[in-house]
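Visitor: Please pick one part of this model and go through it closely. I am a first-year student, so explain each term when it comes up.

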Amino acid sequence: MVNRTATRCDLMLFGALGDLAQRKLFPALYQLERAGLLAPGSRILAIARTEAGTDKVKEQLLEKLRKHVKSEEFDPDIAQAFLQRVEYQRLDFNDPEGYQALRDWRDEPDNQLIVYMATPPSMYGVIARNLEATRCCNERTRVVVEKPIGHDLETSRVINDELGQVYNENQIFRIDHYLGKETVQNLIALRFANNLFASQWDQNHISHVEITVAESVGIEGRWGYFDKAGQIRDMIQNHLLQLLCLIAMDPPADLSADSIRDEKVKVLKALKQITPELMGSHVVRGQYTAGTSGGQPVPGYLEEEGANKGSETETFVALKAEIDNWRWSGVPFYIRTGKRLPEKLSQIIIHFKPAPHYIFDPDQKHLANNKLIIRLQPDEGMSLKILTKDQGLDKGMRLRQGPLELTFSETFETDRIPDAYERLLWEVMKGNQYLFVRRDEVEYAWRWVDQVIANWHDSGEPPKRYAAGTWGPVASIAMITRDGRSWYEDA
Ligand SMILES: NC(=O)C1=CN([C@@H]2O[C@H](COP(=O)(O)OP(=O)(O)OC[C@H]3O[C@@H](n4cnc5c(N)ncnc54)[C@H](OP(=O)(O)O)[C@@H]3O)[C@@H](O)[C@H]2O)C=CC1
Ligand SMILES: O=C1O[C@H](COP(=O)(O)O)[C@@H](O)[C@H](O)[C@H]1O
């Protein structure tokens, strides 16, 4: 049952001066304030290691809000009202003594407590244990943790065990911010509210699926983190596999968190192993070299600030994933994601099979399959490419492919689409877990990704180079072309 109201809460934000908190979390909380969704009396304790007073931190927060909130959405009065809720506490997360100050801050211990760990994952266990030892949390506490949960299956289990020693699974909200994106949630509505699609969603009607998550940015000064992760851990293990699950899962019995998560887990379990023999045909990894972005020259990955010149970390991955189950047997899911690609673009293309018997001009046969294009960002919406007769007396029965178009901002006159973190924070406040990832999902995703990484290491093959501003190594085009297909390009 969906709970539509949030009660007054105390939010402890660990890592409050870090990049995620300043760039995403505080702006999202500001937007909740602006929308009137922060219950009266809700308070925020910003916690970090820097020595500073609350006033100084608030000044810094105000400056960051001005920077990261669109100017037309920034209202100084709302910002002030929001900052009234904030206090700052200096703390070294490893110092058990320091947690007494957090306990003291909890003047109404019956208020809902939300603990947001915007910290390196290695801190999750320490923070959880110290909060428990100081009796800051109880069985009603909700704890929010960021991806990546671990570096592989083994380390993710350690982190999950540490959290599990203090919290029950129904208290843990594992963030995958893609699940908070408007169009990602729309995948559930699209698939299960429209019988038109629900009845066509299988290997009888779909030939293949493409998922592209392209970024134009590089690693944005995050070498220390990114070089250890690479694109497969940073994006495929979480965001891309979540998208694949939402496209491929069977209908859940209802909208409850566990019904949805049970179905996603079944997909992850059914992912076919990419064995060493399949690596050549199913996986391409790349690393960008110097090139251009938005018309400006940009350095290659190995020239980024702090770079280790010998790094073989991948910044691009293309994969052909297959799902060994009744619904998807024989339907490849081509997935690609990379940094420094020509544009920021996330989209899913469902390629439907052609009609069983073709009666039109043989030269146009290549046109004869419907496509559903789901645009996650930018320009959120959907487009269904359908075939019609070309207009005009001289055209006979020549075919033309045209779109049935649904652009959310235009069709529904939506004035703004909330950022993923706004929605996710709001769902945490209401206690809804359906947009968060359950432990077994994280672990099955790691299990699949780990074997691909192990095969890379065994092969000793370096990533293929691609110039910044291009669509990745040519091998990723060859991967799909070998199957007689191509990556979708809007004509
Ligand atoms: N930034 C992003 O866009 C995204 C981040 N994430 C995840 O979010 C989490 C936070 O990332 P991000 O904000 O980028 O990281 P940052 O390093 O910018 O922030 C982490 C914060 O934690 C603080 N911290 C670390 N150790 C301690 C300690 N022992 N005691 C007190 N403070 C400590 C750091 O303080 P100090 O500065 O003093 O070291 C820093 O303020 C990570 O798990 C990351 O993987 C996930 C998706 C996107
Ligand atoms: O989690 C991450 O996501 C961002 C991309 O997110 P988006 O919402 O801008 O599409 C990515 O840049 C970052 O490396 C990764 O950690």
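Guide: What follows is a close look at one helix, α13, and then at the parts around it. The model is predicted: local features need pLDDT of at least 70, side-chain atom pairs count only at pLDDT 80 or more, and totals for chains, interfaces and linings use all residues. Residues are numbered from 1 along each chain as its sequence is written, while chains are lettered from A and ligands numbered from 1 in the order in which they are written.

Helix α13 covers residues 420-430, and 10 of its 11 residues are buried. Helices (H or I, at least four residues) and strands (E, at least two) are DSSP runs, numbered from the N terminus. A residue is buried if 20 or more other C-beta atoms, placed from the backbone, lie within 10 Å of its own, exposed if 12 or fewer do, and partly exposed in between. The buried set in α13 includes Tyr-421, Leu-424, Leu-425, Trp-426 and Val-428, and also Glu-422, Arg-423 and Glu-427. After the helix comes Gly-431, with a positive phi near 80°.

What do the buried residues of α13 pack against? Their partners are the strands β1 (9-14), β4 (112-117), β5 (142-145) and β6 (172-174), together with helix α1. Contact here means C-beta atoms, placed from the backbone, within 7 Å of each other.

Two of these partners can be followed further. One is α1 (residues 19-34), the element that gives the most to the shell around ligand 1, with three residues. That shell has 20 residues, and those that come nearest are Gly-15, Gly-18, Leu-20, Arg-49 and Glu-146; a residue is near if its C-beta atom, placed from the backbone, lies within 6 Å. The other is β6, which also takes contacts from the buried residues of α14. Helix α14 (residues 439-459) has 21 residues and reaches 30 Å from its first C-alpha to its last, close to the 30 Å expected at 1.5 Å a residue (the expected span is 1.5 Å times one less than the number of residues). Among its buried residues are Tyr-444, Trp-446 and Trp-456. Besides β6, the buried residues of α14 pack against α6 (153-166), α9, α10 (257-270) and β8 (283-289). Just after α14, Gly-460 has a positive phi of about 70°.

Next comes the largest nonpolar core, a set of buried Ala, Val, Leu, Ile, Met, Phe, Trp, Tyr and Cys residues joined through C-beta atoms within 7 Å. This core has 121 residues, and Leu-13, Val-115 and Val-143 are among those that touch the most other members. Helix α9 (residues 223-248) supplies the largest share, 11 residues. Leaving out residues up to four places away in sequence, Val-143 touches Val-115, Met-117, Ala-128, Leu-163, Tyr-167, Gln-171, Ile-172 and Phe-173.

For contrast, take His-357, in the loop between β13 (345-352) and β14 (371-377). Is His-357 buried or exposed? His-357 counts as exposed because 5 other C-beta atoms lie within 10 Å. Between His-357 and Val-428, one of the buried residues of α13, there are 71 residues in sequence and 51 Å in space, C-alpha to C-alpha.

Conventions: Two residues are in contact if their C-beta atoms, placed from the backbone, lie within 7 Å.
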